[in-house]
Each structure stands twice: as C-alpha cells, then as structure tokens.
Amino acid sequence: MLCIGISEYFFNSAAYASFMAGALSLDIADNMIPHTSHLRLTTDVLALFIPEIMAIYTSAPILLHLSVHEPPQFAIEQDTLLLMLSATMQIFAVLPNSSKEQLIHMRLQATFTIGLRVSGQKICGSISDSKLC
C-alpha cells in the first residue's frame, strides 16, 4: 500500500511554474472549432450582444485570447480543492489583411470548487459552484 500526501504548496508551486513558463495563455480561433458546430467565432455572434459591431465588422473572424496575469492560487478544504484565478480575456476582430483589432478587453476573477474523491485506484474530480466576476 502506498500513501501520498499532497499539500497546497504542491499545487501552488505547480501553478507558479506553469505561470512563469507562459503555459497559462490560450488563443482560440474559429479554425479550432469543429466544422460541424453551428457556433462560429465571428463578429456575427458578438453582434447578438453588441449590435454596433455589425456596422463596422461584417462576418469577420474573431480571436479569443485568454491569459492568466498572476499565478493561480489553490486552497485545500475537506474533500475539495479551491482554485482562484485572475485572468484577462481579449476579443479581436481578424481583418482581411490578417491584422487584428481589439474589440473587447475584460479582466476576470474566478473561483472554482473541485470536489475530489477516490474511486477504486483513481482520484476523480468534479468542478462545481464556480464563481465568475
């Protein structure tokens, strides 16, 4: 039998190393979405929420850029793991000449509760009660 103890320090160190390595940044473009999906990453979708966009950008592809701007923090509670993130989301219109023009820039604060349990020889987790500000 093998017993392993993992502390908050373990998770926070891994998060810090990932942050410092630049691994917590993500670009999402329309070509990353399956062609069978009805949802396309274009200004048409944004125009549903911000109609003025359609007057300037007609069916232009958009690029979502998500990046964490400080190391995520973990806290361990009984049977749960809390993950606290501070991130930035930027949405760009990709113009016909392949240049990008920023449409939206927002800062996000999120807390995720990850329920942990052991099932057989596996550690299982489920995310719930997330809070996004």
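Is S98 buried or exposed? In this predicted model, S98 counts as exposed, because its relative accessibility of 59% lies above the 50% cut-off. The residue sits in the loop that links β4 (80-94) to β5 (100-119). Its backbone also stands out a little: phi of S98 is near 70°, a positive value in a residue other than glycine.

A second serine tells a similar kind of story. S59 has a positive phi as well, about 55°, and is not a glycine either. This serine is found in the loop between α3 (52-56) and β2 (62-68). With a relative accessible area of 41%, S59 is partly exposed.

Turning to the inside of the model, the largest nonpolar core is made up of 13 residues. Those with the most contacts inside this core are L41, L46, Y57, I62, L64, M89 and I91. As for where the core residues come from, β2, β4 and β5 are the elements that give two or more residues each. Of the elements, β4 gives the most, with three residues.

I91 is worth a closer look. Leaving aside residues up to four places away in sequence, I91 touches L46, I62, L63, L64, E101, Q102, L103 and I104. Two of the loops and strands mentioned above come back here, since β2 spans 62-68 and β5 spans 100-119.

Apart from the 13-residue core lies another one, of five residues. Its members include F74, L81, L83 and I114.

Definitions and conventions: Residues numbered from 1 in each chain as written. Predicted model: local features only at pLDDT ≥ 70, side-chain atom pairs only at ≥ 80, totals over all residues. Heavy atoms only, no water. Helix = DSSP H or I, 4+ residues; strand = E, 2+ residues; numbered from the N terminus. Buried < 20%, exposed > 50% of the residue type's maximum accessible area, 1.4 Å probe, protein only. Core = buried A, V, L, I, M, F, W, Y, C linked by side-chain atoms within 4.5 Å. Contact = heavy atoms within 4.5 Å.
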